[in-house]
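Work through the exercises below with the model open. Each task is followed by its solution in steps.

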Amino acid sequence: MLADAVRIARWAADRDPGAGPLAEEAQERAAAALDLTQDQVRASWDRARLAGLVEVHDGTVRPGWRLRAWDSDDSAVLRGWVALFDAWSLVHPAPEDVEPTTVAEVVEAVPQVLSLLQLSAGPVTAPALLDLLQQRVAELHEERCEVPYGPESAAAGAEDAGGLALAVEATAPVAPAAPPAVPLPPLLDWALEGLAAVGALILGKGQATLTPLGNWAVWVKLEQICVAAQSPAGNIEASAEHMLRGCARLTPGPARAEYRAWLAARTVGSAISELLSVARGEDALLRGLAFEALRVVGAPAEPGVRAVADDSSLRPYALLWLAEYEGADPEDVHEVLTREESTWLWVDTAAAVADHGESELLVRHLDSAVQGNVPTLLREVRAVGHPRTVQVLVALAAAHPDPTVAKAVRRAAFQVHNGEG
């Protein structure tokens, strides 16, 4: 289904990375190089874009994460096909002589058609599918119909029982006019042909059957709906920042369930961008939680996480994420960080504890430092240049029960504040 799309995407990425979309001359060269007709090149290029194998930004083309992971990650292949499945109405354009609003209604009704096919677990006749399509389109008309009402003055002036009766009668809904007839039989044929074109259906004489891939896709969509409905903290419609704040006091299990519910209600790309945007903010707690949510995202987040690894404030988080993604042992994962990066992460985590935790947690956080002793830790903390160093040291000095340690920490805060390093 996507083999030629992968070939054309790789050819485009190799010929001139960053070049623009395939012009006619490039299509001719691609056809010759890949032994395809120009029509096949155009169709495969269109599928490559719809499946996320290539991305076009400001007129330049670059390989998508699915193309880079195609040979090593089965989920990249399945996600690519699901993206193509979702775009079936673009793969197989609608008849030009039909109103766009009517086409949109049919597209919106197709999930019910697919559900019937899935529940039937076998062939479904065209008349049964047409009947369901007609019912769903009629429901959409009814849902969108603006119900006219009578004069408002009749209701406003009704103060006694008789007046109330008149008001009810005056404001009774007027039955909407029947929707105009729409050519649903040919549009059903178009929808079924489009779904067959992306491999979701097998068409027979007067009937249609879901393919195993199509059956799996319907289950995926149902699962996404169920996951989205299981939002324990009720943050599914919130921004990434508000969702993460809502997860701050959840234990890891419920927090991951919340991340999954929030992610299920969004496109992967927009969710990743929003989480990384929050991670760049000033709240260290949200930074850590954003990367926990990105762990739930998994492989699709890899390019975005790799891209922020050069940002000093995100680098330790990004390197740990990438090490875990690449299969590092959890006990050894911190070895990917330099001493300086580990110190930066210690200060950043301490800032999160100071802002949102209890003083006892901040004192216990000393034990997680790689330095092993307070004097060395303070010396390296002063040198690392984290913007929250002074606040962290002041909070630690105020919380520590040992007067000697508290004094040393307070002195270090004073030195950083005065630029003594």
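**Exercise 1.** Is Arg245 buried, partly exposed or exposed?

Solution. The structure is a predicted model, in which local features need pLDDT of at least 70 and side-chain atom pairs count only at pLDDT 80 or more, while totals for chains, interfaces and linings use all residues. Residues are numbered from 1 along each chain as its sequence is written, and side-chain values use heavy atoms, with hydrogens and water left out.

Step 1: take the classes, which are buried (under 20% relative accessible area), exposed (over 50%) and partly exposed in between, with a 1.4 Å probe and protein chains only.
Step 2: the relative accessible area of Arg245 is 39%, so Arg245 is partly exposed.

**Exercise 2.** Find the salt-bridge partner of Arg245 and place the pair in the fold.

Solution. Step 1: apply the criterion for a salt bridge, a side-chain nitrogen of Lys or Arg within 4 Å of a carboxyl oxygen of Asp or Glu.
Step 2: Arg245 meets Glu241 at 3.2 Å, N to O.
Step 3: both residues lie in helix H13 (residues 240-247), four residues apart, about one turn of the helix. Helices are DSSP runs (H or I, at least four residues) numbered from the N terminus.
Step 4: Glu241 has 34% relative accessibility and therefore counts as partly exposed.

**Exercise 3.** Which parts of the chain does the salt bridge between Arg306 and Glu326 tie together?

Solution. Step 1: the side chains of Arg306 and Glu326 meet at 3.0 Å, N to O.
Step 2: Arg306 lies in helix H17 (residues 302-307) and Glu326 in the loop between helix H18 (315-325) and helix H19 (339-356), so the bridge ties together parts that are 20 residues apart in sequence.
Step 3: Arg306 is partly exposed at 39% relative accessible area, whereas Glu326 is exposed at 54%.

**Exercise 4.** Locate the salt bridge of Asp355, then its exposure class.

Solution. Step 1: Asp355 pairs with Arg388, with the closest N and O atoms 2.9 Å apart.
Step 2: this pair links distant parts of the chain, since Asp355 is in helix H19 and Arg388 in the loop between helix H21 (374-384) and helix H22 (389-399), 33 residues apart.
Step 3: with 40% relative accessibility, Asp355 counts as partly exposed.
Step 4: for the structure, the count of salt bridges is 14.

**Exercise 5.** Check the length of helix H11 (residues 184-197).

Solution. Step 1: the expected span is 1.5 Å times one less than the number of residues.
Step 2: for the 14 residues of H11 this gives 20 Å, and the end C-alpha atoms are 19 Å apart, which agrees.
Step 3: buried residues in H11 include Leu184, Trp190 and Gly194.

Methods:
Helix = DSSP H or I, 4+ residues; strand = E, 2+ residues; numbered from the N terminus.
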